[in-house]
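Me: I've got a protein model open and I'd like to work through it with some questions. Can we take it piece by piece?

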Amino acid sequence: MAPTRRLTGFKPTGHLHLGNLLGALRPLIAAQDRSESIALIADLHALTMDHEPARVRALALEQATVMLAAGVDPERTPIVLQSHVTEHTELHYLLECATGFGEASRMIQFKEKSAADGPIRLSLLTYPVLMAADILLYDTDEVPVGEDQNQHLELTRTIAQRFNGRYGETFRLPGGVRPGSAARVMDLADPGTKMGKSNASGAGRIGLLDPPETVRRTVARAVTDEFAQVRRHPDQPGVTNLIDILAGCSGREPADPVSYGALKREVADAIEALLEPIRARYAELADDPAHVREILARGAARVRPIAAATVRRTRAAIGLLD
Ligand code: AMP
């Protein structure tokens, strides 16, 4: 049986953080033996909101470097910069021709992001169709999805099924996989919100390249509560998050009995144990950006034949003359 193909995407809109590591990178690294993973740096997706060109470029390279530093093996898991494989944009357009305006505008993320002040880019509306193209392009079997991406995966399946039904079998239908423990790392300063690259203050985010003193300070300042009980409980989102982070980083439950102070020290130690080697390896790799760029070029070359075959099939099915 062919190995399962899995696609994990990262948007270069900010520095990778602990949520990305526990929720996406570590599962990807753990699956390298069993599945044929592709790590996609989705730089085209970083253009859907107001952006700084130099920053997107720098973050794309930084993310590739962090992935390598964290243990992604480019021999087994191609690291692909989305814009290097132009088939993404070609398939995006072809899939737009099989997607309704209503469907796209009903996406919750579009509604949320377009509610903000300022001009809205058309690409924000069509972004889920580009995401569908990303997934379908590589005959992907599995996409790790958090709850907030479920709707996009559903749209991908709907578009693929509709296209297959109307124009003949063209796309493999992808399924979602839930990342295991620590599937949702919450913001340490605001445990009701997922830790994210663009959370307003950044006060509750642990960047994978943050220096040790910043990591310790961020954990020490994590929001807790008045219960003074170290337990997972819906009324204690901050403490629950700290316990989950400890488990995600070290596989351990808190020592018993512990105070919040002791819990935070344990959590900071566990995060540090995980980040210290990544930081060290990053420093080595970042010294040689040409090497990282070569790895990206090789990644694109590896997956391009799959992408080209999908686009060829799609063009023929939809009615374009070859
Ligand atoms: P993004 O940061 O939105 O580009 O997401 C990249 C990957 O990291 C996706 O697979 C997300 O599901 C995962 N991810 C992002 N934030 C978190 C978080 N706070 N907890 C767990 N996983 C996350």
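**Salt bridges and helix packing**

Me: To start, how many salt bridges does the structure hold?
Reply: Keep in mind that we're looking at a predicted model. A salt bridge here needs a side-chain nitrogen of Lys or Arg within 4 Å of a carboxyl oxygen of Asp or Glu. Going by that cut-off, the number of salt bridges in the structure is 16.

Me: Let's take the one between Arg6 and Glu142. How many residues apart in sequence are the parts that this pair ties together?
Reply: The two side chains meet with N and O 3.2 Å apart, and both Arg6 and Glu142 are buried. Arg6 sits in strand 1 (residues 4-10) and Glu142 in strand 4 (residues 142-144), so the parts tied together are separated in sequence by 136 residues.

Me: Arg162 pairs up with Glu103. Which elements do these two lie in?
Reply: Their closest N and O atoms are 2.4 Å apart, and that makes a salt bridge. The pair links parts that are 59 residues apart in sequence. Glu103 belongs to helix 4 (residues 101-105), and Arg162 to helix 7 (residues 150-167).

Me: And is Glu103 buried or exposed?
Reply: Buried means under 20% relative accessible area. Its partner Arg162 has 34%, so Arg162 counts as partly exposed. Glu103 has 13%, so the word for Glu103 is buried.

Me: Glu284 and Arg281 also form a salt bridge. What separation do they have along helix 10, in helical turns?
Reply: Their side chains meet at 2.9 Å, N to O. An α-helix has 3.6 residues a turn, so residues three or four places apart point the same way. Glu284 and Arg281 are three residues apart in helix 10 (residues 260-286), so their separation is about one helical turn.

Me: Which of the accessibility words fits Glu284?
Reply: Over 50% relative accessible area counts as exposed. Arg281, at 37%, is partly exposed. Glu284 comes in at 51%, so Glu284 is exposed.

Me: Now the helices. At what angle do the axes of helix 1 and helix 9 cross?
Reply: Two packed helices are described by the angle between their axes and the distance between the axes. For helix 1 (residues 18-30) and helix 9 (residues 237-250), the axes come within 11 Å, and the crossing angle is roughly 50 degrees. That makes helix 1 oblique to helix 9.  The crossing is left-handed, with an angle of roughly 50 degrees.

Me: How many nonpolar residues are in that contact of helix 1 with helix 9?
Reply: From helix 1 come Leu18, Leu22 and Arg26, and they meet Ile245, Gly248 and Cys249 of helix 9. One residue of the contact is charged and one is polar, and the number of nonpolar ones is four.

Me: What about helix 1 and helix 10: what is their arrangement called?
Reply: Their axes come within 12 Å and cross at roughly 80 degrees. Angles of 65 to 115 degrees count as roughly perpendicular. So helix 1, relative to helix 10, is roughly perpendicular.

Me: How many charged residues does the contact of helix 1 with helix 10 have?
Reply: Leu18, Leu21, Leu22 and Arg26 of helix 1 touch Ile271, Leu274, Leu275 and Ile278 of helix 10. By class, seven residues are nonpolar and none are polar, while the charged count is one.

Me: Moving to the loops, which residues does Leu47 contact, leaving aside its neighbours within four places in sequence?
Reply: Leu47 sits in the loop between strand 2 (35-41) and helix 2 (53-70). With a relative accessible area of 34%, Leu47 is partly exposed. The residues in contact with Leu47 are Val56, Arg121 and Ser123.

Me: Last one: Asp139 isn't a glycine, so what is its phi?Reply: Asp139 is found in the loop between helix 6 and strand 4. At 15% relative accessibility, Asp139 counts as buried. Its phi is positive, at about 50 degrees.

Notes: Residues numbered from 1 in each chain as written. Predicted model: local features only at pLDDT ≥ 70, side-chain atom pairs only at ≥ 80, totals over all residues. Heavy atoms only, no water. Axes fitted to C-alpha atoms, helices over the stretch in contact; angles between N-to-C directions. Parallel < 35°, antiparallel > 145°, perpendicular 65-115°, else oblique. Left-handed = near helix turned anticlockwise from the far one by under 90°. Contact = heavy atoms within 4.5 Å. Nonpolar A, V, L, I, M, F, W, Y, C, P; charged D, E, K, R; others polar. Buried < 20%, exposed > 50% of the residue type's maximum accessible area, 1.4 Å probe, protein only.
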